[in-house]
Amino acid sequence: MKKLSNLRCTLLVLLSFVAFQTVKAQDNVIDEVVWIIGDEAILKSEVEEARMNAIYEGRRFDRDPYCVIPEEIAVQKLYLHQAVLDSIEVSESEIIQRVDMMTNSYIQNIGSKEKMEEYFNKTSTQIRETLRENAREGLTVQKMQQKLIGEIKITPAEVRRYFKDLPQDSIPYIPTQVEVQIITQQPKVPVSEIEEVKRRLREYTDRVMKGETSFSTLARLYSEDRASAIQGGEIGFNGRGQLDPAYANVAFNLQDPNKVSKIVQSEYGYHIIQLIEKRSDRINTRHILLRPHVPEDALIAANARLDSIADNIRNNKYTFEAAASLLSADKDTKNNHGLMPNNNPQSSLMGTSRFEMQDLPSEIAKVVDKLKVGEISDAFTMISESSGNEICLIVKLKSRIPGHKATISEDYQNLKDIVIQKRQAEVLDKWIREKQKHTYVRIKEGWNKCEFKYPGWGQE
């Protein structure tokens, strides 16, 4: 079942309540209980922390945040209480994965691990421990919502009826969508360049093993995986299936955190790896990644081959589809006639071959924007989002559906998703209102003069 945006509201609110004891927010706060819901209290400090975090994340409130935030916390506590009754559990691996994601997000936004620690006035270990409970609660709320919603079935007749009853000014606008085919070539890297990369990695290994410097220092200075380099090469806990197979095979065989692995070749380049910690079927490692430099003449040669392929297609010597299947280096598209799949988890079109323009890699989007349907681009070079390596490619625009107001014939799936989302929201709204009637609530004077989303808090 798709996790549609407005049904994640409670979860996203919860995840934004990162319970960091931000000194700036707490200096002038005398803690007090402002709500009691069931047998749990909501503290003024919780509300203040959530408000400060919302400011950090750029969230805007349509009502008084001192009304909105306590009510959102109260709703989350309703879900958590029901989850206990229903024995809803979250696995340790799910929690670790969420903590890794949240920690990495903060590091990327703030700039570095050290700056994150300075900002929150806590060590990274303390931050992760705080995040663990937030992750546990967030995932529990999500699972509880999914159980309450179940699998909602919608018939075509219901979708048509919903669309027919929509006022004209409420009909959703569907942005321009495209289908794109690609053929790629991987420029050839000289053996001498690969040997130079291996020499440098062997040198780093020697320096670590001799105690001249630490692995993490070298990762910060030299690793070409910049996302992990700022953390000293640390990539966080991962299961075997989350890692490149070649990387995983070596990493999971490491036993001594003081040792450095042999050189590992993956689709991303060449690595050396150091073990940090193993937990059951998950492992935390740090690595240094180096990619062999692709010389300019190799890029020119690869682009020339692609331009020749494009000319042959234009001259009807063979089709784009046949060329993609036989000549393309892209493993994700060559067996599908070059058609790009939309794997963007943030896209409503994920799992299809359609893209909104902002979902495409920026270099491809710029080229596609200038193409007519059926037209093939000249060859160009870009950095692969998946591997981080330079690739050369040509692009064909297979189809373009201009932006338009939704129609039942062209946009049935979009409208079906909207109807399902609406039904899911109704189920959760009804459950919250019913649960609210049977839950003891007391609100401190001065905090109850609010226009709540769910009226009736504290009324007997």
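How much accessible surface does the chain have, and what share of it belongs to carbon and sulfur atoms? The accessible surface comes to about 24500 Å², and 49% of it belongs to carbon and sulfur. Before I go on, please keep in mind that this is a predicted model.

Okay, the overall picture. We've got 16 helices and 13 strands in the chain. If you put a box around the C-alpha atoms along the principal axes, you get roughly 80 × 65 × 35 Å. The chain has 460 residues, and 47% of them are buried. On the contacts: take those between residues at least 6 apart in sequence, and 67% of them join residues at least 24 apart. And on charge, there are 64 positive and 67 negative charges, with mean positions 3 Å apart.

Now the sheet I'd like you to look at. Which strands form it, and in what order? There are four of them, E9-E4-E11-E10, in an open sheet with antiparallel pairing. Strands E9 (355-356) and E10 stand at the edges with a single partner strand each, so one side of each is left without a neighbour in the sheet. As a reminder, strands in a sheet pair through backbone hydrogen bonds, parallel or antiparallel.

Let's go through two of the pairings. Strand E4, residues 177-185, and strand E11, residues 390-401, run antiparallel and are joined by nine bridges. If you want a spot to click on, try Val178, whose bridge partner in E11 is Arg400. On to E10 and E11: that pairing is antiparallel too, over four bridges. There, Phe380 has Leu393 of E11 as its bridge partner.

Next, salt bridges. How many are there in the whole structure? The search finds 22. The background here is simply that side chains of opposite charge can pair when their charged atoms come close. I'll pick out a few.

Take Lys147 and Asp86, whose side chains meet in a salt bridge at 3.5 Å, N to O. Lys147 sits in helix H7 (residues 124-149), while Asp86 is in the loop between helix H4 (65-85) and helix H5 (92-110), so this pair ties together parts that are 61 residues apart in sequence. Are these two residues buried or exposed? Neither, really: Lys147 is partly exposed at 48% relative accessibility, and Asp86 is partly exposed at 25%.

Another one to look at is Asp378 with Arg314, a salt bridge at 3.9 Å, N to O. This one also links distant parts of the chain, with Asp378 in the loop between helix H15 (362-368) and strand E10 (380-383), and Arg314 in helix H13 (residues 296-314), 64 residues apart. Asp378 is exposed, with a relative accessible area of 56%, whereas Arg314 is partly exposed at 36%.

While we're in helix H13, have a look at Asn312, which is in that helix as well. Why does Asn312 count as buried? Because its relative accessibility is 17%, and buried means under 20%. Leaving out residues up to four places away in sequence, Asn312 touches Lys317 and Tyr318.

Back to charges for a moment. Glu277 and Arg279 form a salt bridge, with the closest N and O atoms 3.0 Å apart. Glu277 is partly exposed at 33%, and Arg279 is partly exposed, also with 33%. There's a network too: salt bridges link Glu32, Lys44 and Lys444.

Last topic, backbone angles. Most residues other than glycine have a negative phi. Where does Ser280 sit? You'll find Ser280 in the loop between strand E7 (269-279) and strand E8 (282-290). Its phi is positive, about 55°, although Ser280 is not a glycine. Ser280 is also exposed, with a relative accessible area of 77%.

The other residue to check is His337, with a positive phi near 60°. His337 lies in the loop between helix H14 (320-327) and E9, and that's the E9 we met at an edge of the sheet. As for accessibility, His337 is partly exposed at 44%.

That's my tour; happy to pull any of these up on the screen.

Technical notes
Residues are numbered from 1 along each chain as its sequence is written. This is a predicted model: local features need pLDDT of at least 70, side-chain atom pairs count only at pLDDT 80 or more; totals for chains, interfaces and linings use all residues. Side-chain values use heavy atoms; hydrogens and water are left out. A salt bridge is a side-chain nitrogen of Lys or Arg within 4 Å of a carboxyl oxygen of Asp or Glu. Helices (H or I, at least four residues) and strands (E, at least two) are DSSP runs, numbered from the N terminus. Buried means under 20% relative accessible area, exposed over 50%, partly exposed in between (1.4 Å probe, protein chains only). Contact means heavy atoms within 4.5 Å. Accessible areas come from the Shrake-Rupley method with a 1.4 Å probe; for residues, only the protein chains shown count as cover. Lys and Arg count as positive and Asp and Glu as negative; His and the chain ends are not counted. The place of a charge is taken as NZ of Lys, CZ of Arg, CG of Asp or CD of Glu. Two strands pair if DSSP finds at least two bridges between them.
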